[in-house]
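Student: I've just opened this one and I'm new to it. Could you walk me through how to read it?

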Amino acid sequence: MKPLISEEDLKILENESYTVLKTILENGCKICGNQTVEFSSNIELNETVDIITKSWFLEIECLQCNDKYIHMMEMKSDDRNEYDPADISDRQAGYRQD
Ligand SMILES: [Zn+2]
């Protein structure tokens, strides 16, 4: 069985976090403009028998006005049993449970 979090997944976290955080740190808090923000980057896994859904998101909190929000970066679903990288772009468009 392949690992739940692949190296590719970690790269997405790294690249997306960098891009988003760079913008946030340059512009400051969207409410008060303060640049002292606290953040954490996350990958959330949701497993069913066949499919793993992964979400990449940042939790951002302004230490001045306490504005707190979640920034979604990426979301995709992987088939647990077969891994076909060519298929990823088709699947990340949406996930629904039948
Ligand atoms: Zn603020």
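Tutor: Sure. Keep in mind that this is a predicted model. Start with the sheet: it is open, built from three strands in the order E1-E2-E3, with antiparallel pairing.

Student: Which strands stand at the edges of the sheet?

Tutor: Look for strands with a single partner. Here these are E1 (37-47) and E3 (68-79), so each has one side without a neighbour in the sheet. From one strand to the next, the twist averages 15° on average across the sheet.

Student: How many bridges join E2 to E3?

Tutor: There are 11 bridges between E3 and strand E2, which covers residues 51-62, and the two run antiparallel. To see the pairing residue by residue, find Glu-61: Lys-68 in E3 stands opposite.

Student: And where does helix H1 lie?

Tutor: H1, residues 7-27, lies across E1, E2 and E3. Compared with E2, the helix runs at about 25°.

Student: Let's zoom in on one residue. Is His-71 buried or exposed?

Tutor: For that, count the C-beta atoms around a residue: 20 or more within 10 Å means buried, 12 or fewer means exposed. His-71 has 17 others within 10 Å, so this residue is partly exposed. You'll find His-71 in strand E3.

Student: Which residues does His-71 touch, leaving out those up to four places away in sequence?

Tutor: His-71 touches Val-20, Phe-57, Leu-58 and Ile-60. Take Ile-60: this residue and His-71 are 11 residues apart in sequence, and their C-alpha atoms are 7.6 Å apart in space.

Conventions. Residues numbered from 1 in each chain as written. Predicted model: local features only at pLDDT ≥ 70, side-chain atom pairs only at ≥ 80, totals over all residues. Pairing = 2+ DSSP bridges. Helix = DSSP H or I, 4+ residues; strand = E, 2+ residues; numbered from the N terminus. Axes fitted to C-alpha atoms, helices over the stretch in contact; angles between N-to-C directions. Contact = placed C-beta atoms within 7 Å.
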